[in-house]
Amino acid sequence: MVYYGSYRRNLYMKRYAALFPVVGCLFILLSCTGKVPAAVAGKDAGKKIIVGFSQIGAESAWRTCNTKSVRDAARDAGIQLVYENAEQKQENQIKAIRSFIVYQVDVIVFVPIVADGWDTVLREAKEARIPVLIIDRKINTEDESLYAGFVGTDSVEEGRKCARFLQRKFHTKNGAPVRKKYRIFEIRGTEDSSPAIGRAAGFREVLSRDPAFEIIGSESGDFLRSLGKEVLSHALDRYGGIDIIYSHNDGMTLGVLDELDARHINAGRDICIVSIDAEQAAINALKSGKINCVVECNPFLGPMVMDMAKTLAAGGSIPRLVHVHETEFDENTDISQLPPRGY
């Protein structure tokens with residue numbers, strides 16, 4: 001790690017003085033056991049790369065698997081990981097990133113809960129000469145130099161895949177005659193998050209040219225099972241005849257299945273269900289006919305993230321944009337030999 005001199009160190013001490021009580025408490029607590037934070041111990045020893053990782057939370061099986069993938073990959077690569085759970089709050093992530101700057105980690109990795117509002121803290125990381133790698137969710141910024149690169153899923157393409165399945169299922173492609181208008185209710189993910197924005201955009205990109213489909217309503221379920229159930233309950237009361245439910249993630253979709261089951265509505269038959277993530281629970285529902293299509297969102301980013309972190313720590317450059325491989329499963333897919341999903 002580059003030594004910045006006493007002037008720059010004093011500058012950071014003044015800028016992040018508000019964080020010192022928190023960091024100090026951590027040192028006092030750990031001193032009772034004769035230990036110091038791994039980040040500081042590793043840095044002093046000069047033996048390991050140190051990566052600060054801010055995750056948005058643990059709201060789903062997908063997110064838990066994504067966190068485990070990063071942690072396991074760091075361990076396997078001999079990288080020390082300073083992990084912070086933001087508990088679904090952007091302000092917590094900003095505090096975490098600033099704490100990583102105070103620690104002078106080698107690389108900062110984070111999953112941005114929303115797309116906007118990162119320029120100030122990322123500019124601070126850039127001033128500290130700490131490269132930033134964004135994973136899973138994308139950000140909006142006028143200064144692309146504030147982060148080194150992105151690795152994650154292609155949310156727009158995920159939305160397109162869901163729309164194309166509907167065209168195949170209802171035979172609306174290639175100018176086929178429209179027998180009826182299929183009414184779609186959409187349950188979006190977290191407001192202003194890049195997956196919610198991309199999955200909505202890709203879905204509309206395909207279906208806006210197809211007169212057989214109409215999106216009659218769209219509400220946010222915040223990627224949570226409980227809100228998926230609640231949002232659908234309101235939608236069924238408000239809109240009545242819904243032909244298709246397009247849910248932005250499996251967590252909300254499982255909530256949808258809970259609500260349909262409570263109302264004795266046959267999911268997958270009375271209402272077509274399309275989802276994204278491909279968690280094991282959703283694959284099981286697909287097998288039983290309760291979900292018609294589930295598009296994969298790949299959570300296993302860890303190995304690629306750690307490879308990129310090592311490159312950045314060594315002063316190298318990485319690709320600006322890397323989308324991981326993803327597939328899809330629908331009611332016509334033979335999944336009898338599909339191995340356990342792991343999430």
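Angles under 35 degrees count as roughly parallel, over 145 as roughly antiparallel, 65 to 115 as roughly perpendicular, and the rest as oblique. Keep this in mind for the helix pairs shown below, all taken from a predicted model.

**Figure 1. The whole chain is built from twelve helices and twelve strands.** Before zooming in, take a moment with the full protein chain. Of its 343 residues, 52% are buried. Now consider the contacts between residues with a separation of 6 or more: 74% of them join residues 24 or more positions apart.

**Figure 2. Helices H7 and H8 cross at roughly 40°.** H7 covers residues 155-169, and H8 covers residues 194-207. Their axes come within 6 Å of each other. An angle of roughly 40° falls outside the ranges for parallel, antiparallel and perpendicular, so the two helices are oblique to each other. The crossing is right-handed. On the H7 side, the contact is made by Ser155, Val156, Glu158, Gly159, Arg160, Cys162, Ala163, Arg164, Leu166 and Gln167. H8 brings Ser194, Pro195, Gly198, Arg199, Gly202, Phe203, Glu205, Val206 and Leu207. Sorted by class, this contact has eight nonpolar, six polar and five charged residues.

**Figure 3. Threonine 172 sits in the loop that follows H7.** The loop runs between helix H7 and strand E6, which spans residues 182-188. Is threonine 172 buried or exposed? Its relative accessibility is 10%, so threonine 172 counts as buried. Look for its partners too: leaving aside residues up to four places away in sequence, threonine 172 touches Gln167, Tyr182, Asp210, Ala212 and Phe213. One of these, Gln167, also belongs to the H7 side of the contact with H8.

**Figure 4. Helices H9 and H10 meet at roughly 50°.** Here you see H9 (residues 225-239) and H10 (residues 250-262), whose axes come within 7 Å. Their angle makes H9 oblique to H10. The handedness of this crossing is right-handed. From H9, the residues in contact are Arg225, Gly228, Lys229, Leu232, Ser233 and Leu236. From H10, they are Gly251, Met252, Leu254, Gly255, Val256, Asp258, Glu259 and Leu260. The classes represented are six nonpolar, four polar and four charged residues.

**Figure 5. Helices H5 and H6 pack at an angle of about 10°.** H5 is made of residues 90-103 and H6 of residues 119-127, and their axes lie 10 Å apart. Which word describes how H5 lies relative to H6? With this angle, H5 is roughly parallel to H6. Find Ile94, Ile97, Arg98 and Ile101 on H5, which meet Thr120, Val121, Glu124 and Ala125 on H6. These residues divide into five nonpolar, one polar and two charged.

**Figure 6. Cysteine 272 is in no disulfide.** A disulfide is a covalent bond between the sulfur atoms of two cysteines. How many disulfides does a search of the whole structure find? The search finds zero. For cysteine 272, the nearest cysteine sulfur belongs to cysteine 293 and is 8.0 Å away, while a disulfide needs two sulfur atoms within 2.5 Å. Cysteine 272 has a relative accessibility of 4%, so this residue counts as buried. Cysteine 297 is buried as well, with a relative accessible area of 2%.

Notes:
Residues numbered from 1 in each chain as written. Predicted model: local features only at pLDDT ≥ 70, side-chain atom pairs only at ≥ 80, totals over all residues. Heavy atoms only, no water. Buried < 20%, exposed > 50% of the residue type's maximum accessible area, 1.4 Å probe, protein only. Axes fitted to C-alpha atoms, helices over the stretch in contact; angles between N-to-C directions. Helix = DSSP H or I, 4+ residues; strand = E, 2+ residues; numbered from the N terminus. Left-handed = near helix turned anticlockwise from the far one by under 90°. Contact = heavy atoms within 4.5 Å. Nonpolar A, V, L, I, M, F, W, Y, C, P; charged D, E, K, R; others polar.
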